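Open the model in your viewer and keep the selection panel at hand. The stops below are meant to be taken in order.

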Amino acid sequence: MRKLRVGHIGWLANDQTEYAETVAWCDSNPARLGRSLAKSPGITGYSDYREMLDHPGLDLVVIATPNWFHCEMACGFLDRGIHVFLEKPMGINRGEIDRVLKAASRSDARIAVDFEMRISPFAGKVMELISSGGLGNLRRMELVHHRGGWLEEGNGLWRTRAERSGGLFLMEPIHAVDFFRMVAGEVRAVRTISGPNVLGNYGFPDNACSHFSFDGGVAATLLTSHTLSAQTDSAEEWVDRGHEMRWIFTYSKGTLSVDLLRKTILVNRYEIYPAGTGGTRVVFDHVWNFPGSGDNFHHDIAAMRQDFIRRCSEGRAPLQDIQDAWRTHLVCLAAEQSAVEDGRVIDLEYILPND
């Protein structure tokens, strides 16, 4: 294990561990940067990431900026041989996503995209249940996500603009698409039905329903909408205001229902009923509760970041290789394309970019 010298852009975390030392911060807001530096005088501050490229001995950078900066910054550090932990997405269009993949392929440095669901407590429990085989074969996956809309203020000024964020699927459902792929393998085709929009400030669909077909025969549905949940700054009010985020996994012998807001996992099973008839009914098996886990139940960004830094320190590969992350982005681009093209079925072709 080697202690790495780490820089942060946008999200000014301070990693001081046995395998990492934060040595540099970069933020375009001078007041925020100044306040943070006053509390950590040993860290060097930058207002331009291009100056941070030359920070002496920098080993790894964490990029947590608005989406349209991701490609440029990631490629800059990779070309300097500096490891990159990158907030999703890799870029805001196919050209940028391919550009990051090519930069990673020619660099000796490692890169990981922050698909933190892969390392979250809920994912660990779901994968444990899958590997046990107790519920049989996976047949279908569903995610229903109703959330509050982004407003024309703060970062909402760029999130709802495809030319800045990359669109709906690269902005948010990308986490679900990546988890679908982790569980069921490769997506063969996708179809998305959306709209008509009701939120006037959205430059892409404010509600969409996508259907995914996988190579192994599994099917999946993703319903994502910004039009139901009433606006509130209090997470405790989300459920009462219409916010919902629930995964359902259907197996040959039972089902899992994961409520990400209530932090519960419900397990039901199928049984023959009445006896001897061949009929089947759904019966309750058990439920797990995860009190006190907060957003980390499914959204543990810090754990994903620390896992990547530790792996780089130990000379190990990231949890997810960049080509696999690139494939998740291609599925999202196809899902959004289908929405724009009135629900046309898009067959996925994972053609690597030319050098």
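A pocket here is an open set of grid points with protein on both sides within 12 Å along at least five of seven lines. Keep in mind throughout that this is a predicted model.

**Stop 1: the second largest pocket**

The second largest pocket holds about 330 Å³ of space. Select S28, T65, P66, F69 and M73, which are the closest to its centre among the 16 residues that line it. Then colour helices α2 (49–52) and α3: each of them supplies at least two residues of this lining. By class, the lining of the second largest pocket divides into 7 nonpolar, 4 polar and 5 charged residues.

**Stop 2: from α3 to α4**

Stay on α3, residues 70–79, and add helix α4, residues 94–106. How do these two helices lie relative to each other? Their axes come within 9 Å and cross at roughly 10°. Angles under 35 degrees count as roughly parallel, and α3 and α4 are therefore roughly parallel to each other.

To see the contact, show the side chains of C71, E72, A74, C75, L78 and D79 in α3. Their counterparts in α4 are E96, R99, V100, A103, A104 and R106. The contact of α3 with α4 has 7 nonpolar and 5 charged residues, with no polar ones.

**Stop 3: the sheet**

Strands of a sheet pair through backbone hydrogen bonds, either parallel or antiparallel. Switch to a cartoon view and find the open sheet of 9 strands, whose pairing is mixed. Reading across, the order is β14-β13-β12-β11-β7-β10-β9-β8-β15. The edge strands are β14 (280–289) and β15 (346–347), each of which pairs on one side only.

Now select β11 (residues 244–251) with β12 (residues 254–259): the two run antiparallel and are joined by 5 bridges. Which residue of β12 stands opposite W247? Select V258 to see that partner.

Two helices can be added to this view. Helix α9, residues 174–184, lies across β7 (138–146), β8 (187–194), β9 (207–214), β10 (219–225) and β11. Its direction is at about 165° to β7. Helix α11, residues 322–340, packs on the sheet as well, where it touches β8, β9 and β15. The direction of α11 makes about 40° with that of β8.

**Stop 4: the largest pocket**

Select R147, W150, R159, E172 and H299 next. These are the closest to the centre of the largest pocket, out of the 42 residues that line it. About 1,200 Å³ of space lies in this pocket. Several elements give two or more residues to its lining: β7, α6 (156–159), α9 and β10. Which of them gives the largest share? Helix α6 does, with 3 residues. The lining of the largest pocket divides into 17 nonpolar, 17 polar and 8 charged residues.

**Stop 5: the cavity**

Rolling a probe the size of a water molecule over the atoms shows where empty space is left. A search of the whole structure finds 1 cavity of 30 Å³ or more, and about 30 Å³ of space lies in the largest cavity. Select F85, A112, M304, D307, F308, P318 and L319 to display its lining. Helix α10, residues 301–313, gives the most to this lining, with 3 residues. By class, 6 of the lining residues are nonpolar, none is polar and 1 is charged.

Note on methods: Residues are numbered from 1 along each chain as its sequence is written. This is a predicted model: local features need pLDDT of at least 70, side-chain atom pairs count only at pLDDT 80 or more; totals for chains, interfaces and linings use all residues. Side-chain values use heavy atoms; hydrogens and water are left out. On a 1 Å grid over the protein atoms alone, a cavity is a set of points where a 1.4 Å probe fits but cannot get out, and a pocket is an open set with protein on both sides within 12 Å along at least five of seven lines; lining residues have an atom within 4 Å of a point. Grid points are joined across faces, edges and corners, and a volume is the space filled by probe spheres set on the points. Helices (H or I, at least four residues) and strands (E, at least two) are DSSP runs, numbered from the N terminus. Ala, Val, Leu, Ile, Met, Phe, Trp, Tyr, Cys and Pro count as nonpolar, Asp, Glu, Lys and Arg as charged, and the others, Gly among them, as polar. Axes are lines fitted to C-alpha atoms, for helices over the stretch in contact, and angles run from 0 to 180 degrees between N-to-C directions. Angles under 35 degrees count as roughly parallel, over 145 as roughly antiparallel, 65 to 115 as roughly perpendicular and the rest as oblique. Contact means heavy atoms within 4.5 Å. Two strands pair if DSSP finds at least two bridges between them.
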